[in-house]
Amino acid sequence: MPWNLDSDRPIFIQIIDRIQADIIAGCYQPGDKLPSVRELAQDASVNPNTMQKALSELERTGLVYSQRTSGRFITEDREMIRALREQQGQQIALHFLENMKKLGYGKDEILALLTQLLETALHNQPHSTETHGHSAETHTHSAETHVYSAETHTHSAETHVYSAETHGHSITPHAQPYNAAVHAQPEQKQQHKSSAQESLAEACKITTWRIP
Amino acid sequence: MILLECKNLTKQYGFHTALSHVSLQVGSGHIVGLLGPNGSGKTTLLKLIAGLLAPTAGMAYVMGEPIGIGSKRLVSYLPDHPCLGGHMRVQEAIHFFEDFYVDFSADCAHDMLDKLDIDPCCRIKSLSKGTAEKVQLILTMSRQASLYLLDEPIAGVDPAARDYILRTIISNYNENASILISTHLISDIENILDEVIFIQHGSIRAHCPVDSIRQQEGKSIDSIFREVFRC
């Protein structure tokens with residue numbers, strides 16, 4: 001996975017964000033061992049000292065712990081991961097609301113739009129919620145499914161907006177269910193991207209998180 | 001630990017002062033970018049540390065060793081222009097370096113040549129500009145030195161090979177070594193830098209950690225450079 005670091009924020013902060021996102025998404029499971037500093041640094045094409053700094057910071061927050069000789073591990077405190085997920089979800093939602101406000105959307109409009117989008121999204125991905133929360137074990141796993149489905153939703157949101165552009169606010173009820181493999185190419189997402197669409201895409205991510 | 005220390009380093013070429021009273025310290029395990037506009041004294045500074053020029057005043061020390069034979073053992077220098085004889089084959093250049101430096105690893109050099117798809121039997125003069133630069137960089141990085149001085153290491157190299165070279169720099173240097181890189185391709189290398197030194201008219205304008213500048217200014221080093229040195 002490419003790391004896509006921006007040039008205007010300190011790198012170690014972006015690395016922290018990225019690793020946190022990976023933990024929330026379940027790419028790293030609780031108790032998993034992290035790769036070595038050098039491996040991670042090479043993977044991200046950053047200075048090993050920067051990577052070290054980021055990991056020390058994560059250690060300070062308790063999300064990662066180190067065992068003197070055997071390396072660094074992800075915390076087994078699922079409650080902490082859950083809290084982090086909630087906090088990040090809230091942040092993204094606030095960010096979305098802010099952007100929508102800039103576009104002049106009112107409360108009712110936002111709600112209507114989200115409901116609409118959610119329905120389309122659910123229509124396309126009926127199974128995404130079913131696995132959720134059966135046991136602690138499946139919980140993290142389903143988190144993965146969630147993000148994954150959120151991405152698919154993002155795509156459908158875009159199709160939706162796109163069609164809205166061409167047909168003047170009509171909704172396409174039977175948007176094609178997109179397959180994740182197709183979706184994996186980010187170029188597809190780049191086309192026709194406007195701030196509204198970005199907000200919508202983010203909205204979809206959030207709302208899928210909130211479905212359960 | 002302080003790996004490199006310059007005290008009041010001054011260099012004059014006739015009446016022209018290329019470097020005036022430069023004092024700096026670089027600890028071990030750091031990758032430092034030496035950034036400045038053309039003619040600001042970057043190459044002069046590197047050459048002084050490499051021991052290729054004699055300072056007009058002041059002194060530099062590498063691991064406490066004054067610049068001289070002792071320091072040259074510790075320093076691996078990449079000049080900004082081709083320094084290998086064109087008649088040599090790449091293979092012969094490797095032998096040459098092996099003969100010259102105790103800490104040179106021919107295996108490491110062959111490994112990198114292989115990765116970058118360079119034939120060791122080619123004559124250096126038959127190589128393109130970029131490939132010749134790659135060979136020279138490979139030779140420089142194949143030493144187990146304490147301080148690497150890289151003068152414009154990636155200028156003529158294509159972007160894909162640039163990534164490979166940067167990765168090589170990250171993975172090859174050991175934790176106690178430091179690297180001083182002078183370059184204009186700031187955006188390409190800024191992610192691997194710990195510190196930057198801004199140099200202008202032969203004096204140091206700033207020497208600080210990259211993360212702290214990015215945090216303070218909310219900008220990349222590249223855009224800060226463009227602002228500071230706006231023409």
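# Exercises on a predicted two-chain model

B:S23 is partly exposed, with 13 other C-beta atoms within 10 Å. The structure is a predicted model. The exercises below start from this serine and move on to sheet, chain and interface.

## Exercise 1: Place B:S23

Find the element that holds B:S23 and list its contacts beyond the neighbours within four places in sequence.

Solution.
- Step 1. Locate the residue. B:S23 belongs to strand 2 of chain B, residues 16-27.
- Step 2. Check the burial class. A residue counts as buried at 20 or more other C-beta atoms within 10 Å and as exposed at 12 or fewer. B:S23 has 13, so it is partly exposed.
- Step 3. List the contacts. With neighbours within four places set aside, B:S23 touches B:C6, B:K7 and B:N8.
- Step 4. Add a distance. B:E5 lies 18 residues from B:S23 along the chain, and their C-alpha atoms are 7.4 Å apart.

## Exercise 2: Trace the sheet of chain B

Give the strand order of the open sheet of 6 strands and name its edges.

Solution.
- Step 1. Read the order. In chain B the strands run 6-7-8-3-9-10, and the pairing is mixed.
- Step 2. Find the edges. Strand 6 (75-78) and strand 10 (203-209) of chain B each pair on one side only.
- Step 3. Note the turn. On average, neighbouring strands of this sheet are turned by 15° against each other, direction ignored.
- Step 4. Look for a helix on the sheet. Helix 8 of chain B packs there and touches strand 9 (195-200) and strand 10 of chain B. The directions of helix 8 and strand 10 of chain B make about 90°.
- Step 5. Start pairing from strand 6. Strand 6 of chain B pairs with strand 7 (residues 147-151) of chain B in the parallel sense, over 4 bridges. One bridge sets B:L78 against B:L150 in strand 7 of chain B.

## Exercise 3: Examine strand 8

Decide whether strand 8 of chain B is largely enclosed or open, and identify the strands that pair with it.

Solution.
- Step 1. Count buried residues. In strand 8 (residues 178-182) of chain B, 5 of the 5 residues are buried, so the strand is largely enclosed by the rest of the structure.
- Step 2. Sort the directions. B:S178, B:L180 and B:S182 point one way from strand 8 of chain B. B:I179 and B:I181 point the other way, and all of these residues are buried.
- Step 3. Take one partner. Strand 7 of chain B runs parallel to strand 8 of chain B, and 5 bridges join them. B:D151 has B:S182 in strand 8 of chain B as its bridge partner.
- Step 4. Take the other partner. Strand 3 (residues 31-35) of chain B pairs with strand 8 of chain B over 4 bridges, again in the parallel sense. Here B:I31 stands opposite B:I179.

## Exercise 4: Sketch chain A

Write the pattern of elements in chain A and state how much of the chain is buried.

Solution.
- Step 1. Count elements. Chain A holds 9 helices and 2 strands.
- Step 2. Put them in sequence order. The pattern is α-α-α-β-β-α-α-α-α-α-α.
- Step 3. Add burial. Of the 212 residues in chain A, 29% are buried.
- Step 4. Add contact range. Take contacts in chain A between residues at least 6 apart in sequence: 70% of them join residues at least 24 apart.

## Exercise 5: Follow helix 2 of chain A

Work out how helix 2 of chain A is oriented against helix 3 of chain A and against helix 6 of chain B.

Solution.
- Step 1. Begin inside chain A. Helix 2 (residues 37-44) and helix 3 (residues 48-61) of chain A pack at about 115°, with axes 9 Å apart. The two helices are therefore roughly perpendicular.
- Step 2. Name the residues. A:V37, A:R38, A:L40, A:A41 and A:A44 in helix 2 of chain A meet A:P48, A:M51, A:Q52 and A:L55 in helix 3 of chain A. By class, this contact has 7 nonpolar, 1 polar and 1 charged.
- Step 3. Cross to chain B. Helix 2 of chain A packs against helix 6 of chain B at about 165°, with axes 9 Å apart. That makes the pair roughly antiparallel.
- Step 4. Name these residues too. A:R38, A:A41 and A:Q42 meet B:R167, B:I170 and B:S171. This contact has 2 nonpolar, 2 polar and 2 charged residues.

## Exercise 6: Size up the chain contact

State how many residues each chain gives to the contact, and which element of chain B gives the largest share.

Solution.
- Step 1. Count by chain. Chain B gives 19 residues and chain A gives 15.
- Step 2. Find the elements. On the side of chain B, helix 6 (159-172) and helix 8 (210-217) give two or more residues.
- Step 3. Pick the largest share. Helix 6 of chain B supplies it, with 5 residues.
- Step 4. Sort by class. The side of chain B has 5 nonpolar, 7 polar and 7 charged residues.

How values were computed
Residues are numbered from 1 along each chain as its sequence is written. Chains are lettered from A and ligands numbered from 1 in the order in which they are written. This is a predicted model: local features need pLDDT of at least 70, side-chain atom pairs count only at pLDDT 80 or more; totals for chains, interfaces and linings use all residues. Axes are lines fitted to C-alpha atoms, for helices over the stretch in contact, and angles run from 0 to 180 degrees between N-to-C directions. Angles under 35 degrees count as roughly parallel, over 145 as roughly antiparallel, 65 to 115 as roughly perpendicular and the rest as oblique. Two residues are in contact if their C-beta atoms, placed from the backbone, lie within 7 Å. Ala, Val, Leu, Ile, Met, Phe, Trp, Tyr, Cys and Pro count as nonpolar, Asp, Glu, Lys and Arg as charged, and the others, Gly among them, as polar. Two strands pair if DSSP finds at least two bridges between them.
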